[in-house]
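Dear colleague,

I am passing on to you the structure we spoke about, and I would be glad if you could look through it before reading my notes underneath.

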Amino acid sequence: MAKMHIKTGDTVVLLTGKYEDKKDENGKIKTHKVIAVSPEEGKVLVEGVNIIHKHVKPRRQGESGGIVDAEGAIYASKVALYCPKCDKGVRTKAEVSYVEKDGKKKRVVTRLCAKCGAKL
Ligand SMILES: [Zn+2]
């Protein structure tokens with residue numbers, strides 16, 4: 001399984017392509033929410049991004065099929081985790097620490113902004 005730097009529920013900024021996020025007139029960058037990740041494919045589903053029309057087959061006879069709008073997967077490399085402190089999409093680094101729990105050492109990975117060091 002490929003290592004993913006993005007998790008479901010993350011706030012991200014799109015880096016490339018037609019959905020690239022740019023700052024608006026107030027200097028605020030647009031962000032999006034990750035609704036699903038697929039480590040096997042290295043892809044993510046981002047809310048409101050890459051909307052595709054899915055054809056839905058009728059479930060019963062006499063019922064008509066239809067077209068629904070749904071998010072299409074995009075490559076995880078096209079998104080970056082949003083750092084509120086930097087107000088942009090940033091690269092992350094992992095900080096590994098160990099905490100003791102029930103007499104066992106547990107490995108804890110914290111994601112940090114590679115730029116300012118904020119916990120993300
Ligand atoms: Zn930062």
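What follows is a short account of the chain as a whole, and then of one residue in it.

Please keep in mind throughout that this is a predicted model. The protein chain has 10 strands and zero helices, so that reading from the N terminus you will meet β-β-β-β-β-β-β-β-β-β. Its radius of gyration is 19 Å, whereas a compact globule of 120 residues would have one near 14 Å, and along the principal axes the C-alpha atoms fill a box of roughly 60 × 45 × 20 Å.

Of the 120 residues, 28% count as buried, and the accessible surface comes to about 8,700 Å², with 49% of that area belonging to carbon and sulfur atoms. As for charge, there are 26 positive and 15 negative side chains, and the centres of these two sets lie 5 Å apart. When contacts between residues at least 6 apart in sequence are considered, 48% of them join residues at least 24 apart.

The residue I looked at in detail is arginine 111, which sits in strand E10, covering residues 104–113. Is arginine 111 buried or exposed? Buried means under 20% relative accessible area, and arginine 111 counts as buried because its relative accessibility is 15%. A polar atom of the arginine 111 side chain lies 2.9 Å from the backbone oxygen of histidine 5. Neighbours within four places in sequence left aside, arginine 111 is in contact with His5, Ile6, Lys7, Asp10, Leu81, Lys93, Ala118, Lys119 and Leu120.

With best wishes

Key:
Residues numbered from 1 in each chain as written. Predicted model: local features only at pLDDT ≥ 70, side-chain atom pairs only at ≥ 80, totals over all residues. Heavy atoms only, no water. Helix = DSSP H or I, 4+ residues; strand = E, 2+ residues; numbered from the N terminus. Rg over C-alpha atoms; globule rule 2.2 N^0.38 Å. Buried < 20%, exposed > 50% of the residue type's maximum accessible area, 1.4 Å probe, protein only. Contact = heavy atoms within 4.5 Å. Areas by Shrake-Rupley, 256 points an atom, 1.4 Å probe, with all protein chains shown as cover. Lys, Arg positive; Asp, Glu negative; His and termini not counted. Charge placed at Lys NZ, Arg CZ, Asp CG, Glu CD. Polar contact = N/O pair within 3.5 Å; in protein donor to acceptor, adjacent residues only side chain to side chain.
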